[in-house]
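Please walk through the fold shown below, beginning with one pair of strands and moving outward from there.

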Amino acid sequence: QRSLTKLEIFLKAMFFSLFGDPAQNSARWPVRKISELVDNNDKVNYGVVQPGLSCSDGIPLVRAGDFNNLLIDQSSLKRIGEDIESAYFRSRLKGHEVLVCCVGATIGKIGLADDSMRGFNIARAVARIPVDQTKINRWYLACYLQTAFAQDHFRQGTRTVGQPTLNISQLEDVPVVCPPRNLQDQFASALTV
């Protein structure tokens, strides 16, 4: 846990060193909404509302408690029946999404789906952003969404009905500062080496 905390501090320092504070956007880079950065053949959405009982040979389900500093802890994922999961094919992971927690105390936690999670699904408390990687680097976007600027937008967009919830339209409206792609890729390559 200590190593992950150090990694988080390093990521933030590296992000601000390369891109500055997104709230200032002193370089005057273009700003686009999340909705503009999504794969044209897909959309931002929530996952499974009622996953039912755990099923040992079922489909893995990513929940808010599985997020750990951009990573998804796959060691204890709940598994749900294929009959339930099949109704939620639109939220099935393809392995290139940015995931955002949208309910309760975990609002704003960010995770990255990778190829190992292709075919998994997500819980209702999680939203998937199917990033169009020709428009933005998903590693850059994930780290951007952890900045205080983006997190403030999440908090401002939260509504409370029983428990705090960030809805899809509010998530899609979050502004994203888009630096030149070569800088985004430079940042991502330092993270994935």
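In this predicted model, strand β7 (residues 98-101) pairs with strand β10 (residues 126-129) in the antiparallel sense, and 4 bridges hold the register between them. Two of the residue pairings can be read off directly: Leu 99 stands opposite Arg 128 in β10, and Val 100 stands opposite Ala 127 in that strand. β7 also pairs with β8, again antiparallel, over 3 bridges. Here Val 98 has Leu 112 of β8 as its bridge partner.

These pairings belong to an open sheet of 4 strands, in the order β2-β10-β7-β8, with antiparallel pairing. β2 (45-46) and β8 (110-112) form the edges and have a single partner strand each, so one side of each is left without a neighbour in the sheet. Strands of a sheet pair through backbone hydrogen bonds, in either a parallel or an antiparallel arrangement.

What covers the two faces of β7, or are they left open? Both faces are covered: Val 98 and Val 100 are buried on one side, and Leu 99 and Cys 101 are buried on the other.

The packing can be followed further from Leu 145. Beyond its neighbours within four places in sequence, Leu 145 is in contact with Val 98 and Val 100 of the strand just described, and also with Ile 34, Ile 110, Ile 129, Ala 150, Gln 151, Phe 154 and Val 174. Leu 145 and Ile 129 are the residues that touch the most other members of the largest nonpolar core, which has 39 residues. Helix α3 (residues 138-144) supplies the largest share of this core, 5 residues. Another core lies apart from it and has 13 residues, among them Phe 67, Ala 113, Met 117 and Phe 120.

Next, consider the charged side chains. How many salt bridges does a search of the whole structure find? The search finds 10. One of the pairs is Asp 173 with Lys 33, whose closest N and O atoms are 3.7 Å apart. Asp 173 sits in the loop between α5 (168-172) and β13 (175-177), while Lys 33 is in strand β1 (residues 31-33), so this pair ties together parts that are 140 residues apart in sequence. Both partners are partly exposed: the relative accessible area is 44% for Asp 173 and 38% for Lys 33.

Other salt bridges have other surroundings. Arg 92 and Glu 85 meet with an N to O distance of 2.7 Å. Arg 92 is partly exposed, at a relative accessible area of 30%, whereas Glu 85 is buried, at 4%. Asp 115 and Arg 118 also form a salt bridge, at 3.0 Å from N to O, and both of these residues are exposed. Elsewhere, salt bridges link Asp 42, Lys 94, Glu 97 and Arg 128 in a network. Arg 128 is the residue already met in β10, where it stands opposite Leu 99.

A further link between distant parts of the sequence involves Trp 29. This residue is placed in the loop between α1 (2-19) and β1. Is Trp 29 buried or exposed? With a relative accessibility of 19%, Trp 29 counts as buried, because the cut-off for buried is under 20%. Trp 29 and Val 177 are 148 residues apart in sequence, yet their C-alpha atoms are 6.3 Å apart in space. Leaving aside neighbours within four places in sequence, Trp 29 is in contact with Leu 18 and Phe 19 as well as with Val 177, Cys 178, Pro 179, Pro 180 and Leu 183.

The remaining values describe the protein as a whole. It has 6 helices and 13 strands. The radius of gyration is 16 Å, close to the 16 Å that the globule rule gives for 193 residues, so the protein is as compact as a globular protein of that length. Along the principal axes, the C-alpha atoms fill a box of roughly 50 × 35 × 35 Å. Buried residues make up 48% of the 193 residues. Of the contacts with a separation of 6 or more, 78% are between residues 24 or more positions apart. The protein exposes about 9700 Å², and carbon and sulfur atoms supply 50% of that area.

Technical notes. Residues numbered from 1 in each chain as written. Predicted model: local features only at pLDDT ≥ 70, side-chain atom pairs only at ≥ 80, totals over all residues. Heavy atoms only, no water. Salt bridge = Lys/Arg side-chain N within 4 Å of Asp/Glu carboxyl O. Buried < 20%, exposed > 50% of the residue type's maximum accessible area, 1.4 Å probe, protein only. Core = buried A, V, L, I, M, F, W, Y, C linked by side-chain atoms within 4.5 Å. Contact = heavy atoms within 4.5 Å. Rg over C-alpha atoms; globule rule 2.2 N^0.38 Å. Areas by Shrake-Rupley, 256 points an atom, 1.4 Å probe, with all protein chains shown as cover. Pairing = 2+ DSSP bridges.
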